[in-house]
Amino acid sequence: MKPFTVLSLFDGIACGRVALERAGIPVCRYIASEIEPNAIRVALDNYPDIEQIGDVEKVNTNILPPIDLLIGGSPCQGFSVMGDQKNFEDPRSRLFWEYVRILRATKPKYFLLENVKMKKEFSDVISEALGVEPRIINSRLVSGQNRVRAYWTNLKVAEVPDKNISFQDILESGYTNSDKSLCLLESENRLCVSSTDLYRRNSTKSQGNIVFFSKDLDPGKGVRMLTQTELERLQTLPVGYTKSVKRNVAAGLCGNGWTVDIIAHILSGIHQAEEGDKTE
(Lines give C-alpha, C1' and ligand atoms only; values in the text may rest on other atoms or scores of the structure.)
Protein backbone atom coordinates (compact mmCIF):
# COMPACT_ATOMS: atom_id res chain seq x y z
CA MET A 1 0.00 0.00 0.00
CA LYS A 2 1.34 3.40 -0.91
CA PRO A 3 1.68 5.88 1.97
CA PHE A 4 -1.35 8.10 2.46
CA THR A 5 -1.64 11.87 2.63
CA VAL A 6 -4.08 12.50 5.45
CA LEU A 7 -5.96 15.67 6.32
CA SER A 8 -7.35 15.73 9.87
CA LEU A 9 -9.82 18.47 10.74
CA PHE A 10 -10.51 19.37 14.39
CA ASP A 11 -7.47 17.18 14.99
CA GLY A 12 -7.18 17.63 18.76
CA ILE A 13 -4.33 15.53 20.15
CA ALA A 14 -3.93 13.55 16.90
CA CYS A 15 -5.78 10.43 18.01
CA GLY A 16 -6.29 9.83 14.30
CA ARG A 17 -2.55 9.54 13.77
CA VAL A 18 -2.28 6.97 16.55
CA ALA A 19 -5.19 5.03 15.03
CA LEU A 20 -3.61 5.01 11.56
CA GLU A 21 -0.40 3.65 13.03
CA ARG A 22 -2.31 1.01 14.98
CA ALA A 23 -4.29 0.03 11.87
CA GLY A 24 -1.10 -0.35 9.84
CA ILE A 25 -1.93 2.43 7.37
CA PRO A 26 1.31 4.04 6.14
CA VAL A 27 1.33 7.84 6.20
CA CYS A 28 3.62 10.11 4.20
CA ARG A 29 1.99 13.39 5.26
CA TYR A 30 -0.38 14.12 8.14
CA ILE A 31 -1.86 17.60 7.87
CA ALA A 32 -3.82 18.82 10.88
CA SER A 33 -6.25 21.67 11.41
CA GLU A 34 -6.39 22.56 15.11
CA ILE A 35 -6.35 25.78 17.14
CA GLU A 36 -6.16 24.64 20.80
CA PRO A 37 -2.54 25.22 21.94
CA ASN A 38 -2.40 22.36 24.45
CA ALA A 39 -3.85 19.90 21.96
CA ILE A 40 -1.25 20.95 19.39
CA ARG A 41 1.46 20.62 22.03
CA VAL A 42 0.48 17.00 22.80
CA ALA A 43 0.15 16.12 19.11
CA LEU A 44 3.59 17.51 18.21
CA ASP A 45 5.20 15.99 21.29
CA ASN A 46 4.24 12.57 19.93
CA TYR A 47 4.45 13.27 16.19
CA PRO A 48 6.81 16.18 15.40
CA ASP A 49 6.23 15.73 11.66
CA ILE A 50 2.55 16.72 11.82
CA GLU A 51 1.89 19.72 9.57
CA GLN A 52 -0.30 22.11 11.58
CA ILE A 53 -2.36 24.47 9.38
CA GLY A 54 -4.55 26.21 11.96
CA ASP A 55 -8.19 27.26 11.91
CA VAL A 56 -10.51 25.03 9.85
CA GLU A 57 -12.43 28.10 8.65
CA LYS A 58 -9.23 29.41 7.08
CA VAL A 59 -8.14 26.21 5.34
CA ASN A 60 -7.35 27.08 1.73
CA THR A 61 -8.14 23.95 -0.26
CA ASN A 62 -6.46 25.41 -3.34
CA ILE A 63 -3.00 24.94 -1.83
CA LEU A 64 -3.51 21.52 -0.31
CA PRO A 65 -1.86 18.46 -1.84
CA PRO A 66 -4.08 15.62 -3.13
CA ILE A 67 -5.74 14.09 -0.06
CA ASP A 68 -6.18 10.32 0.25
CA LEU A 69 -8.03 10.33 3.56
CA LEU A 70 -10.05 13.06 5.29
CA ILE A 71 -10.88 12.52 8.96
CA GLY A 72 -12.40 14.66 11.67
CA GLY A 73 -14.69 14.92 14.64
CA SER A 74 -16.51 18.23 14.38
CA PRO A 75 -17.54 19.91 17.68
CA CYS A 76 -20.59 18.21 19.16
CA GLN A 77 -21.96 20.67 21.70
CA GLY A 78 -24.95 21.68 19.58
CA PHE A 79 -26.05 18.06 19.11
CA SER A 80 -25.32 16.53 22.50
CA VAL A 81 -28.17 15.64 24.87
CA MET A 82 -25.90 17.09 27.58
CA GLY A 83 -26.24 20.54 25.97
CA ASP A 84 -29.01 22.85 24.78
CA GLN A 85 -29.31 21.12 21.37
CA LYS A 86 -29.11 24.24 19.23
CA ASN A 87 -27.91 21.85 16.50
CA PHE A 88 -26.45 23.69 13.50
CA GLU A 89 -27.26 27.08 15.04
CA ASP A 90 -24.55 26.45 17.63
CA PRO A 91 -21.41 28.21 16.29
CA ARG A 92 -19.28 25.19 17.22
CA SER A 93 -21.48 22.53 15.64
CA ARG A 94 -21.94 24.73 12.57
CA LEU A 95 -18.29 23.96 11.84
CA PHE A 96 -19.54 20.66 10.39
CA TRP A 97 -20.15 22.58 7.20
CA GLU A 98 -16.44 23.37 7.02
CA TYR A 99 -15.84 19.61 6.95
CA VAL A 100 -18.33 19.36 4.07
CA ARG A 101 -16.68 22.27 2.24
CA ILE A 102 -13.26 20.69 2.47
CA LEU A 103 -14.55 17.19 1.64
CA ARG A 104 -16.18 18.46 -1.55
CA ALA A 105 -13.12 20.46 -2.55
CA THR A 106 -10.47 17.81 -1.88
CA LYS A 107 -12.46 14.74 -3.01
CA PRO A 108 -10.46 12.25 -0.94
CA LYS A 109 -10.66 8.54 -1.69
CA TYR A 110 -11.81 7.82 1.87
CA PHE A 111 -13.39 9.90 4.61
CA LEU A 112 -14.48 9.54 8.23
CA LEU A 113 -16.52 11.91 10.38
CA GLU A 114 -17.25 11.29 14.07
CA ASN A 115 -19.84 12.94 16.29
CA VAL A 116 -22.16 12.16 19.19
CA LYS A 117 -25.26 10.06 18.76
CA MET A 118 -27.95 12.67 18.13
CA LYS A 119 -31.58 13.21 17.23
CA LYS A 120 -32.49 11.67 13.87
CA GLU A 121 -33.46 15.04 12.45
CA PHE A 122 -29.90 16.30 13.03
CA SER A 123 -28.26 13.07 11.93
CA ASP A 124 -30.24 13.02 8.68
CA VAL A 125 -28.84 16.42 7.69
CA ILE A 126 -25.30 15.11 8.12
CA SER A 127 -26.10 11.87 6.29
CA GLU A 128 -27.58 13.75 3.35
CA ALA A 129 -24.56 16.03 3.12
CA LEU A 130 -22.07 13.14 3.27
CA GLY A 131 -24.07 10.58 1.29
CA VAL A 132 -23.73 7.81 3.88
CA GLU A 133 -25.61 6.65 6.97
CA PRO A 134 -23.79 6.59 10.34
CA ARG A 135 -22.59 3.52 12.19
CA ILE A 136 -23.37 3.76 15.91
CA ILE A 137 -20.58 2.19 17.97
CA ASN A 138 -20.04 2.12 21.73
CA SER A 139 -16.41 2.31 22.86
CA ARG A 140 -17.27 -0.17 25.62
CA LEU A 141 -16.40 -2.90 23.10
CA VAL A 142 -12.70 -1.97 23.18
CA SER A 143 -12.41 0.10 26.35
CA GLY A 144 -13.41 0.42 29.98
CA GLN A 145 -15.83 3.26 29.27
CA ASN A 146 -19.31 3.73 27.86
CA ARG A 147 -18.97 6.09 24.90
CA VAL A 148 -21.59 5.93 22.18
CA ARG A 149 -20.62 7.74 19.02
CA ALA A 150 -21.80 8.03 15.41
CA TYR A 151 -19.36 7.46 12.53
CA TRP A 152 -19.99 8.45 8.94
CA THR A 153 -17.58 6.87 6.47
CA ASN A 154 -17.41 5.48 2.94
CA LEU A 155 -15.40 2.52 4.27
CA LYS A 156 -16.97 -0.84 4.97
CA VAL A 157 -17.02 -1.26 8.76
CA ALA A 158 -16.92 -4.77 10.21
CA GLU A 159 -18.48 -5.65 13.55
CA VAL A 160 -16.26 -4.64 16.47
CA PRO A 161 -15.16 -7.63 18.61
CA ASP A 162 -15.76 -7.19 22.34
CA LYS A 163 -12.46 -7.13 24.24
CA ASN A 164 -14.31 -7.42 27.58
CA ILE A 165 -12.30 -4.66 29.28
CA SER A 166 -13.82 -3.47 32.54
CA PHE A 167 -13.43 -0.14 34.32
CA GLN A 168 -11.56 -1.99 37.09
CA ASP A 169 -9.10 -3.37 34.52
CA ILE A 170 -7.76 0.10 33.67
CA LEU A 171 -7.31 1.37 37.24
CA GLU A 172 -3.81 1.88 38.61
CA SER A 173 -5.14 1.41 42.14
CA GLY A 174 -8.41 1.50 44.07
CA TYR A 175 -11.81 0.07 43.28
CA THR A 176 -14.99 0.78 41.33
CA ASN A 177 -18.56 -0.46 41.57
CA SER A 178 -19.18 0.08 37.83
CA ASP A 179 -18.52 -2.32 34.99
CA LYS A 180 -17.75 0.63 32.71
CA SER A 181 -16.83 4.22 33.41
CA LEU A 182 -19.02 7.13 32.44
CA CYS A 183 -18.19 8.66 29.09
CA LEU A 184 -15.12 10.89 29.30
CA LEU A 185 -16.06 14.49 28.64
CA GLU A 186 -14.12 17.74 28.49
CA SER A 187 -15.67 18.56 31.88
CA GLU A 188 -13.49 15.84 33.44
CA ASN A 189 -10.95 18.67 33.84
CA ARG A 190 -13.31 20.76 35.99
CA LEU A 191 -14.21 18.35 38.77
CA CYS A 192 -13.96 19.49 42.38
CA VAL A 193 -10.95 18.30 44.37
CA SER A 194 -12.81 17.55 47.61
CA SER A 195 -13.58 13.81 47.80
CA THR A 196 -16.93 14.57 49.45
CA ASP A 197 -18.01 16.99 46.74
CA LEU A 198 -16.65 14.67 44.06
CA TYR A 199 -18.72 11.76 45.33
CA ARG A 200 -21.83 13.95 45.67
CA ARG A 201 -21.53 15.17 42.10
CA ASN A 202 -21.06 11.66 40.77
CA SER A 203 -23.92 10.13 42.78
CA THR A 204 -26.48 12.90 42.26
CA LYS A 205 -25.66 14.11 38.74
CA SER A 206 -23.86 11.07 37.28
CA GLN A 207 -21.00 13.38 36.32
CA GLY A 208 -17.32 12.59 36.62
CA ASN A 209 -15.69 9.23 37.21
CA ILE A 210 -14.66 8.29 40.74
CA VAL A 211 -12.46 5.60 42.24
CA PHE A 212 -12.92 4.31 45.80
CA PHE A 213 -9.92 3.86 48.07
CA SER A 214 -11.48 0.91 49.92
CA LYS A 215 -12.63 -2.43 48.53
CA ASP A 216 -15.94 -2.13 50.38
CA LEU A 217 -16.69 0.99 48.25
CA ASP A 218 -17.24 3.20 51.29
CA PRO A 219 -17.10 6.87 50.18
CA GLY A 220 -16.32 7.81 53.77
CA LYS A 221 -12.93 6.21 53.33
CA GLY A 222 -12.19 8.44 50.36
CA VAL A 223 -12.67 8.67 46.62
CA ARG A 224 -10.51 10.16 43.90
CA MET A 225 -10.60 11.30 40.30
CA LEU A 226 -9.01 9.30 37.52
CA THR A 227 -5.27 9.58 37.08
CA GLN A 228 -3.72 10.77 33.84
CA THR A 229 -2.72 7.21 32.97
CA GLU A 230 -6.27 5.96 33.55
CA LEU A 231 -7.67 8.70 31.32
CA GLU A 232 -5.31 7.59 28.55
CA ARG A 233 -6.25 3.95 29.02
CA LEU A 234 -9.97 4.72 28.75
CA GLN A 235 -9.35 6.29 25.34
CA THR A 236 -6.96 3.42 24.43
CA LEU A 237 -4.13 5.90 23.99
CA PRO A 238 -0.53 4.83 24.68
CA VAL A 239 0.34 5.37 28.34
CA GLY A 240 2.31 8.61 28.62
CA TYR A 241 0.81 10.07 25.45
CA THR A 242 -0.33 13.26 27.25
CA LYS A 243 2.78 13.63 29.43
CA SER A 244 3.59 17.08 28.04
CA VAL A 245 0.60 18.59 29.88
CA LYS A 246 -0.75 18.40 33.44
CA ARG A 247 -3.48 15.98 34.51
CA ASN A 248 -6.42 18.40 34.38
CA VAL A 249 -5.44 19.66 30.94
CA ALA A 250 -5.00 16.06 29.76
CA ALA A 251 -8.47 15.23 31.12
CA GLY A 252 -10.13 17.82 28.91
CA LEU A 253 -8.08 16.83 25.88
CA CYS A 254 -8.86 13.13 26.33
CA GLY A 255 -12.53 13.95 26.82
CA ASN A 256 -12.53 15.78 23.50
CA GLY A 257 -10.54 13.02 21.80
CA TRP A 258 -11.32 9.74 20.11
CA THR A 259 -11.26 6.19 21.42
CA VAL A 260 -8.25 5.17 19.35
CA ASP A 261 -9.05 1.48 18.97
CA ILE A 262 -12.49 2.24 17.51
CA ILE A 263 -10.97 4.58 14.93
CA ALA A 264 -8.23 2.03 14.15
CA HIS A 265 -10.89 -0.63 13.63
CA ILE A 266 -12.80 1.58 11.17
CA LEU A 267 -9.68 2.68 9.29
CA SER A 268 -8.47 -0.91 9.00
CA GLY A 269 -11.18 -1.21 6.36
CA ILE A 270 -8.78 0.64 4.07
CA HIS A 271 -6.79 -2.57 3.68
CA GLN A 272 -9.80 -4.42 2.29
CA ALA A 273 -10.77 -1.48 0.09
CA GLU A 274 -7.29 -1.21 -1.37
CA GLU A 275 -7.11 -4.97 -2.02
CA GLY A 276 -10.46 -4.70 -3.78
CA ASP A 277 -9.06 -2.01 -6.05
CA LYS A 278 -6.14 -4.27 -6.98
CA THR A 279 -8.49 -7.14 -7.79
CA GLU A 280 -10.60 -4.96 -10.03
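**Asp 45, Thr 259 and the nonpolar cores**

Asp 45 comes out as partly exposed, with a relative accessible area of 36%; like everything else here, that value is for a predicted model. The residue belongs to helix 2, which covers residues 37–46. Once neighbours within four places in sequence are set aside, Asp 45 is in contact with Lys 243 and Ser 244. Ser 143 is another matter: 98 residues separate it from Asp 45 in sequence, and the C-alpha to C-alpha distance between the two is 24 Å.

Ser 143 turns up again around Thr 259, as one of the residues that Thr 259 touches. Thr 259 sits in a loop, the one that links helix 8 (247–256) to helix 9. With a relative accessible area of 2%, Thr 259 counts as buried, because the cut-off for that label is under 20%. Not counting residues up to four places away in sequence, its contacts are Ser 139, Val 142, Ser 143, Gln 145 and Arg 147, plus Leu 234, Gln 235 and Thr 236.

Helix 9 itself, residues 260–267, leads on to the nonpolar interior. The largest nonpolar core has 50 residues, and the members that touch the most others are Leu 69 and Leu 267. Helix 9 supplies the largest share of this core, namely six residues. As for Leu 267, its contacts beyond four places in sequence take in Ala 19, Leu 20, Ala 23 and Ile 25, along with Leu 69, Leu 112 and Leu 155. A further core of 26 residues lies apart from the largest one, and its members include Leu 113, Met 118, Ile 126 and Ala 150.

Leu 112, one of the contacts of Leu 267, also shows up in the strand pairing. On one side of the bookkeeping, strand 4 (residues 69–72) pairs with strand 5 in the parallel sense, over four bridges. Here Ile 71 has Leu 112 of strand 5 as its bridge partner. Strand 5 also pairs with strand 7 (residues 148–153), this time in the antiparallel sense and over five bridges. Leu 112 takes part in that pairing too, with Thr 153 of strand 7 as its bridge partner.

How buried is strand 5 (residues 110–116)? Seven of its seven residues are buried, so the strand is largely enclosed by the rest of the structure. Thr 259, in its loop, is likewise buried, whereas Asp 45 in helix 2 is partly exposed.

Conventions. Residues numbered from 1 in each chain as written. Predicted model: local features only at pLDDT ≥ 70, side-chain atom pairs only at ≥ 80, totals over all residues. Heavy atoms only, no water. Core = buried A, V, L, I, M, F, W, Y, C linked by side-chain atoms within 4.5 Å. Buried < 20%, exposed > 50% of the residue type's maximum accessible area, 1.4 Å probe, protein only. Helix = DSSP H or I, 4+ residues; strand = E, 2+ residues; numbered from the N terminus. Contact = heavy atoms within 4.5 Å. Pairing = 2+ DSSP bridges.
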